[in-house]
Every structure is written in C-alpha cells, then in structure tokens.
Amino acid sequence: MSLVFFNTLTRQKEEFVPIESGKVKMYTCGPTVYDYPHIGNYRTFLFEDLLRRYLKYKGFQVTQVMNLTDIDDKIIIGSQKKGISLDEYTAPYKKIFFEDLNTLNAEASEFYPEATKHIKEMVKIIKKLLGKKHAYEIEGSIYFKISTFPEYGKLSKMNLEELKVGTRVKADEYEKEQVSDFALWKAWDEKDGDIFWETEIGKGRPGWHIECSAMSMKYLGEYFDIHTGGVDNIFPHHENEIAQSQCATGKKFVNFWLHAEHLLVDNKRMAKRYGNFYTLRDLLDKGWYPMAIRYLLLSTYYRQQLNFTLEGLEAAKNSLQRIFDFSDQLETIEKEGKNPQAERLVISAKEKFEAGLDDDLNVSIGLAAIFDLIYEVNKLLRENQVSKTDAQLILNQMDSFDKVLGYLKKPEESLDDKAVQLVERREKARQDKDWQLADKIRKQLLEMGIILEDTSAGTKWKKKI
RNA sequence: GGCGGCUUAGCCAAGUGGUAAGGCAGAGGUCUGCAAAACCUUUAUUCUCCGGUUCGAAUCCGGAAGCCGCCUCCA
C-alpha cells in the first residue's frame, strides 16, 4: 500500500514520492507570536506533528521547518502599546508556544527560524525579483507584480479578474499598480517608530509572505517536498509564496501542499476576532488532561472541520482511559506460553492502521484498528488466554502506534504518602470485612483523584484523568 | 457576486455501487462484599429532503434545503 496525500495544488490524492529517496523536506507554517495561541492553531500544528510522525514511521528521514512570525502589524502595535521592543514583546509568546507544543506532546521540528533573523535572506530574494522585473518599487515599498506570473491563482483556484474588490480590500493603503499585487517590502513610516531594518532595498520591514519563501529555501532548498498550513493560508499566503519563490528561482517550489481544515467551536470558526476561542491554558486551568486534548484534536480527518465541544473532550478523555486501562492490564500478565491468536490480532491491527494512515492520514481508520485490537484482546484476557509473551507483543505494537499518535502512553504516576496510607488502611479494612470503612476510604481517595479497582490480582489504583 | 467544502444513531465518526466500521454516552445482564474495569445483549431496515440511473445507491446524476469556509490581518 502506498502513501497518498491530498494535494491542494491538484485537488487530488496523489502518491507521495519524495524528491530525494528516503528523505522528506517539509515546511509548516508556524505561529505569529503575538498572543496565546488557541486550540484551533494547535489543531493545525498537531496535524503537522501527525504528518511528521507518520512519515518517520514510514521510514523517511524528515527535515521539518516551522517558522515563527515575529514581525507583523499586530506585533508592532502590541509592542508599541506596551512600550517595549519587538523582541521583548514576542519572547514570552515564543516561550508559551514551545511550552504548549511540549504539553501536547508534539515532536520538535528540526528548525524554528524566526522572521526577524532572516531579513538578509528576504532582501536577497526581493532583489532578485526586482532584477527580473517581477517586482516594482513605489515610494520605498516593493510589490510583487502578479501579472508577471501567469500561474498565479493555480493553488487557490482564484481568478483574479473575478476577485471582488469590496469592503474587505482596504482602499489603497499603499499605492500599488494593481490591487492584487502584494507587498514584499514595506517602507518605513512614522507609525513604525524604531521598528525597521536598514537594507540595500531601503529602510523598512518585510511583507508577510516573503519570510516563508526565504526561510524555507534557506533550510530546505529551492525545491522541496511538502508545505502545510491551515486552509486560510491557501489564499493569499501560499499563493503568494509560490509566485515569489518560483519567479525568484525559476524552479518549481513545492510538490505537495497539504492544508488542515479549521476547528469550529459551537459550529463557528474559532478566531480571535470572534472572541469564541479557547487557549490551551484555558482548558488546562479547568483541569482537562492534555493528552485528551491531543486525542480530540487528532481524532478527525484533518481535511474535515472539527467542531470542538467540551462534551467531545469528555468523550476523548474516556476513550483514552479505555486505552490506558488496556495497557495497564497487559502489564500485569504473568502467564507462560504463547497464543498464536495474539500475533494474528496484532498483525491485522497493524495492517488496518497503516492502510488508514496511508490514505491521507485517515486517522479514524487507525483508531478503529486500535480499538478492534483492544476489544479482541480483552476477550482473550477475560478467558485468561494471553501470556506474558503475547502481552509484550501487543504492548510493543501499542508503542509502535504511539510513535505516530503520541497519546497512547500513560505517563508514570505515583501516590503520595497520604494516599499510600489510605490504600493500606482500606486493604486492612477489607481483610476485616469492614466494608463501610473500606468504602469510605475509597470515596475519600476518589475525591483526591484516585480510583481504586479491586481485582483478582489485588487492589489497583489509577489517577483520574 | 465569485470560488470551495460539509450534512450518516443522543454526541463524535468510518464508509465513493453490493446491502451501515470504530469511539463516547444510555439500557439490561455476567463478574464483584459493593463498586470499577472487562465481557455479553441492546441502541440507524437506514445515511438532510425530492426525483433519476442501476438487478442493486449513504455511495453515481439532477434538483431543493440547511450549515461552514475563502475572496488580500487570519491555523
């Protein structure tokens, strides 16, 4: 079975073949560091994490670049309001972003380049574009001339002639030859205060799109495999990247464009301007388990809108609990021997999982494969038909699935002294058949977030997630 | 106005021509001191609606309704 991805460029599923055998170079549009990212942002970043992990699972050596946009209008306004420098303003948000990625168990990308540290690279491309007459300068600002790139609109399927020039397009803030031309370089203006770069192409700051072209080329080369982002990036951002990159290099820029659909909250798009967004911190503060959030954000096919609800998060948490309980139980098996059925179940789960993920990361199929395995093995467990060897085989397979999904493993837990004492006291009460006391202690522990289960192999505890 | 997507059980969701995966929640049961977990049984004669094609349609075609998105800040 071959790996296929839906390519926005062709609007079709295509077999993924890397440019260089065994290696994948991918650029993932990262955050603009001006605020706490919301969980919709993280849906996209986790989709990118899943993509990265699955490519690695398939044996590719992955080089991922995720940029940090640390210069744009919002950042300038924000920093000026606070009267601090750009760096002072963005530093905490960069930190928060990395902390959040860590909380959500996203693997680190190989590179996290920052726009402000790549002005030189951007200037170089802009100069090239000026030289090739793909760009022009007006009053110190430099614009990309769309009419010089016939392929413009190919990615977004937009017809520029039909673009409605309406309320959304501000009456020319900057003078441009054509409204749809976009800024590569914005000339310094008084509003910018001390935020500017003195460069060969003048005093000013970069437009938004140029950073991604400059940084992707620097770390991945002029032509690479995959470029991803949220669907809202298709136009204009990615369209513009293609235009400026291909005009600068004369080469094809990217083979596969993958876009994650948006997360909705209450069936509405979550956006900062709507004020209906949850940040990761909001959810953590309310006591939600981080891996349940990861589970939920990754539980649906990335090209489909996902409606976020707390009810859904609760369901995600419960699903996760079932998975954890399953692994916990396997770890306690001591039975000798080997049951060929276990191996058969593992193989069929693996095949189904891979078939699903191979098909444009259809994670629902992958999850079904895992739950099928859990169900079938639980049946065997009930009949005491699983040996320690079998259990290990199954656990290894779960680990392998977890390399891709990143939420199947329960973190190590321990009980504090007080809890340990309570568990012991209850055990004593049970031996004395003092059920009233035993039940009272069990309830007390539950209130402390500890769940007790009396099994034939003794009392087990787990933390409430 | 232009362009794109979606609509499957209480909720989430797979399924692109062969008779509805999986998860959560609910109900009854087995087990248990009681619970929990697990297992068993149960939960859509039906896939937004109306037509059509076909031996056969959630899947293809036509139409209608509803929802969401993009159209130069946006994951």
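Q: In this predicted model, Asp, Glu, Lys and Arg count as charged, and Phe as nonpolar while Ser is polar. What makes up the lining of the second largest pocket by class?
A: Sorted that way, the lining has twelve charged, seven nonpolar and four polar residues. Among the 23 lining residues, Phe324, Ser327, Asp328, Glu331 and Lys410 lie nearest the pocket's centre. Asp, Glu and Lys are on the charged list, so Asp328, Glu331 and Lys410 fall in that class.

Q: Which elements give two or more residues to that lining?
A: They are α9 (310-331), α12 (388-405), β15 (450-455) and β16 (458-463). The largest share, six residues, comes from α9. As for the space inside, this pocket holds about 610 Å³.

Q: Which domains does the lining draw at least three residues from?
A: Domain 2 (310-405) and domain 3 (417-463) each give at least that many. Chain A also has a domain 1, covering 4-260.

Q: What makes Asp358 and Lys58 a salt bridge?
A: The cut-off is a Lys or Arg side-chain nitrogen within 4 Å of an Asp or Glu carboxyl oxygen. Here the N to O distance is 2.8 Å, so the pair qualifies. Between domain 1 and domain 2, the count is two salt bridges.

Q: How do you know that domain 1 and domain 2 are in contact?
A: Contact needs heavy atoms within 4.5 Å, and eleven residues of domain 1 meet that with 14 residues of domain 2. About 1,200 Å² is buried between them, with carbon and sulfur atoms giving 56% of it. On the domain 1 side, Leu50, Tyr54 and Tyr57 supply 53% of the buried area, more than any other three residues.

How values were computed. Residues numbered from 1 in each chain as written. Chains lettered and ligands numbered in written order. Predicted model: local features only at pLDDT ≥ 70, side-chain atom pairs only at ≥ 80, totals over all residues. Heavy atoms only, no water. 1 Å grid on protein atoms, 1.4 Å probe; cavity = no way out; pocket = protein on both sides within 12 Å on 5 of 7 lines; lining within 4 Å. Points joined across faces, edges and corners; volume = space filled by probe spheres on them. Helix = DSSP H or I, 4+ residues; strand = E, 2+ residues; numbered from the N terminus. Domains from an automatic or database assignment. Buried area = accessible area lost by both parts, 1.4 Å probe.
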